[in-house]
Amino acid sequence: MTVDWHGAGSMKSVDGAAASADDLPRTPSPLRSYEWWQLRLAEEFFSANRSGTPVLFFIDATELQKLQGQEDVSDLGAAVSAVLDWHKNPYGPIMDRVQRWQHSERQNPPPCLPLLAASVLAAANMKRTVQGPGAPAYYARLAEVLKPSWNMAYDHKQLLQRYYDDVVELWILLDAWLRGCGGHRGLSTIKKSETLTKIGYAQSQALIRVSDHAALTRFFREALSAGQPVDGARLLRDLKVWSHNQQGLSRRLRDALASEADNALLEPLLTALAEGWDGAVTLPLIDGLRQMPLLVALEDDFVSGWRLGWHTPVVPGVEQDALKHPAGTFAVAAAAGEQAYSLSGAVPDPATALTVGMVARGHRLIARVIGGRHVIALSEDPVAGAWVERDNVVPFEPYVFLFDPSGEPQVRRFLQEVGLRWYQPEATSSPGWCVARDLEFADDARLAAAVAGAGIRGIDHIPARRPSLRGGLRVAPDMRHRHHYLRGGEPDVVIPESLRKAGRVLLNGEPIAVPADGVIQLRGRGLADKQHSVEVDGASISFQLHPVASPQARNISPTRTPSGSPESVVVPLVGDARFLTARGRFIKISKPSEPPWWEDRAQVLRSGAMITVPVPAEAVWLVAFPEGRDPAITLIRNEEPDIGVLSQQAKDFWSRLVLMDLPGASHSRLWRRYRQAVLSHFPREVFGRV
């Protein structure tokens, strides 16, 4: 948090003249010490470097030592005490300074920062009791920080307490100055407590360290929804749950979260931090280097399957760097406006890094991957265009789990406890690592219990706070079209239990009934081809509907063998061909292996080659995707659809067919009935991706 103050540029003194610590008299007089602390605190907490970021005026003994360094000035408490008037209102001299400042240009903070910092230090020094902190304990700590250099016959603690309204006025003045600067000198987190109307200002600034802010940005990313107003009470409740299994929160903040007595202080402070959050996740510095997230990513390629890689969000202000790790050096680079780095060079192997861990250091960046992780939860990321690792899971959002052999028992147990079936996992590009796909959790309570019971390292649970979309037929499988659906294949809207009693649910601004299970079916409501929104209790989600554009498939008659036997058909040798049953299942066609001479010498002939295959008894349709030609759909026998439970593989295959027409064919109506049966089946189940 501490910056090189001497090289940070100059500030102005109380009367408006440019000044720095070096401009002050070298004699360590009381006046020089107070002025030094004013300038030091102003530059550290309220300079132009803080533009657009929330200011936490946190001060404790450790922080003071960093700020003072080796400077030959009095410590903060002594510097402030030396300018106070211990014969009447001790804060009078500082109030006089502030009054003169109010008649100046007020380009810099009011000259009361050392006094306010001392009030925060007193709050940080308070001893917590079972009942929580109180006013008497605070003024005792303030008297320890601010004490005269001689023994007074009168209790100076009473003076500090009697005239403390002046300190409250100074907090209000600092808040007004920050807001008057329009955020260019930092965003104010100074808010009045409804219960602790006096000491609450200082206490609130003493609860959250600057280092806590990095962890809180991760919490805000998970807890806040775009366009949703900040609800301080709900935010505090969620933080108390989230903080149980999180690293990066200071002991002081953890204690405050565990104490109901601090709720009145934390709620407005969290609200101010959340309202000033810029949406970016902040990571603390390591050895002076900025942390670059190196996140596992999975791409689902239709041909080659799951491929492991990395997603590296851009660190603001760093366009490129070269990072060295045990296996070599890789470069990261991002053009202006890009949100993720491109990687080149000796890029670390994700599977190896997950197993043994890795640290890569550059000139400005450092990347760390924690080893010994056997299970990774990933969700869709529109920036990456892939599935990217997450450290939490929420209800009603699709996930995939990546795991190695050691993690498989944990995943099995997790799915059993959350109420999902275990299916054969899919292999990835990294041997030994497999994927359990299309996991969506509909029960918030069971999900929380499963996360706690499975003991999977690095995965936590966050309660649902907004509506979500489930199922539906997307226009495309990529992440950019996640909320784009075809008309007729509308998704269901899921309202989490925490929001069902919060208020009316609005579909495009009109009230809509919510079933007991919270699942609102949108199919059949005649929604137009445009953007629609669902809103409840300030939380909303939008989706876009598009018209159905039906491609056409070739209509060919079944080709029989020369003998006319109906037990066999002729299909292309090259390309994909399968039989479909009345229940929607597909049957792969086993093709004979080609002799080497044919594969090597007859490339032109292969593209048009045909083979004869037997027809299974349950086959209704033959679907062929010849290489380089339009697909062909052939009726084998006339049977009405009886679509049952479709496997994920069947859904993936049907997603290639469900929009195809057979114009002019006598059985085109039967094919449309199959299409309709499959299409209506999509939204009723957790379909995941198309």
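Here are short questions and answers on one predicted model. Residues are numbered from 1 along each chain as its sequence is written. Local features need pLDDT of at least 70, side-chain atom pairs count only at pLDDT 80 or more, and totals for chains, interfaces and linings use all residues, while side-chain values use heavy atoms, without hydrogens and water.

Colleague: Which residues of helix H15 are buried, and why do they lie on the same side?
Modeller: Helices are DSSP runs of H or I with at least four residues, strands are runs of E with at least two, and both are numbered from the N terminus. Buried means under 20% relative accessible area, exposed over 50%, partly exposed in between (1.4 Å probe, protein chains only). The buried residues of H15 cover an arc of only 95° around the axis, judged by directions from the axis to the C-beta atoms, so they share one side. They are Val 411, Phe 414, Leu 415 and Val 418.

Colleague: Which exposed residues does the face of H15 turned away from its buried side carry?
Modeller: The buried side has its cover, which includes strands E11, E14 and E16 and helix H16. Contact here means heavy atoms within 4.5 Å. The face turned away carries Pro 409 and Gln 416.

Colleague: Which strands stand at the edges of the open sheet of five strands?
Modeller: The order is E19-E25-E24-E21-E22, with mixed pairing. Two strands pair if DSSP finds at least two bridges between them. Each edge strand has a single partner strand, so one of its sides is left without a neighbour in the sheet. The edge strands are E19 (484–486) and E22 (510–512).

Colleague: What is the bridge partner of Val 505 in E24?
Modeller: Strand E21 (residues 505–507) and strand E24 (residues 531–536) pair in the antiparallel sense, over three bridges. The partner of Val 505 is Val 536.

Colleague: Which helix gives the largest share of the largest nonpolar core?
Modeller: A nonpolar core is a set of buried Ala, Val, Leu, Ile, Met, Phe, Trp, Tyr and Cys residues joined through side-chain atoms within 4.5 Å. This one has 59 residues, and Ile 94 is among those touching the most other members. The largest share, ten residues, comes from helix H5 (residues 113–124).

Colleague: Is Asp 85 buried or exposed?
Modeller: Asp 85 sits in the loop between helix H3 (76–81) and helix H4 (92–102). Asp 85 touches Pro 90 and Pro 93, not counting residues up to four places away in sequence. Its relative accessibility is 18%, so Asp 85 counts as buried.
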